[in-house]
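Please open the model in your viewer and keep the sequence beside it, since this tour proceeds by selecting one place after another.

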Amino acid sequence: MNEARREKITSLFEVVSSLERKWANEWNSHNTMGLSKTHIFILDILESEGPMRPSSLAEKLHVTTGGVTVLTTKLMKAGYINKTQNPTDRRASQLEITDAGHELLEAAHEHINSIVDRMFGMLTEDEIQSLKIIFSKCLLG
């Protein structure tokens with residue numbers, strides 16, 4: 001890789017890092033739920049895909065099963081998810097979202113939509129599509 005290309009990619013990395021920090025700051029400064037983005041992502045997964053084993057959730061989140069335990073314990077204590085027996089394998093447990101979890105997720109989506117509007121609302125449809133293509137390409141590489 002030539003030096004000019006390396007400098008451009010380094011600059012891009014800095015912009016993406018700054019954008020990620022801005023997203024986190026936006027989330028934290030207006031977050032009245034006391035939950036992380038990952039907690040909300042767990043609720044999203046359980047709502048869209050239904051009950052699942054902690055190990056399957058760990059794979060989706062790219063974390064260890066121990067990491068899932070830490071994350072889901074807070075959600076269980078708050079009443080947003082339940083741990084139940086898997087009906088097809090009584091030795092295994094599964095996690096499922098509760099009615100309270102659905103309500104919280106609806107509020108979280110409103111919060112996320114507000115952040116997205118503040119951070120990306122000035123972009124045109126073409127710019128949004130280009131970013132989606134570029135970021136998806138980067139994730140595959």
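## A tour in three stops

Begin by selecting Glu26, which lies in helix α1, and bear in mind throughout that this is a predicted model. Is Glu26 buried or exposed? With a relative accessible area of 17%, Glu26 is buried, because the limit for that class is under 20%. If you now display its neighbours, leaving aside residues up to four places away in sequence, you will find that Glu26 touches His111, Ile115, Arg118 and Met119.

Stay on helix α1 and select Val16, which also lies in this helix but counts as partly exposed, at 37% relative accessibility. Then add Leu12, Leu19, Ile134 and Phe135 to the selection, and show the surface: together with Val16 they form a nonpolar patch with about 390 Å² of accessible area. The elements that give two or more residues to this patch are α1 (3-29) and α6 (125-140), and α1 gives the most, with 3 residues.

For the last stop, select helix α4, residues 65-77, and place a distance between its end C-alpha atoms, which are 18 Å apart; this agrees with the 18 Å that its 13 residues should span at 1.5 Å a residue. Which residues of α4 are buried? They are Val68, Leu71, Thr72 and Leu75, and what covers them includes α2 (37-49), α3 (54-61), β1 (81-86) and β2 (89-97). Finally, move just past the end of α4 to Gly79, where the backbone takes a positive phi of about 85 degrees.

Terms used. Residues numbered from 1 in each chain as written. Predicted model: local features only at pLDDT ≥ 70, side-chain atom pairs only at ≥ 80, totals over all residues. Heavy atoms only, no water. Patch = residues over 30% accessible without salt bridge, like charges linked within 9 Å, V, L, I, M, F, W, Y side chains within 5 Å. Areas by Shrake-Rupley, 256 points an atom, 1.4 Å probe, with all protein chains shown as cover. Salt bridge = Lys/Arg side-chain N within 4 Å of Asp/Glu carboxyl O. Helix = DSSP H or I, 4+ residues; strand = E, 2+ residues; numbered from the N terminus. Buried < 20%, exposed > 50% of the residue type's maximum accessible area, 1.4 Å probe, protein only. Expected span 1.5 Å × (residues − 1). Contact = heavy atoms within 4.5 Å.
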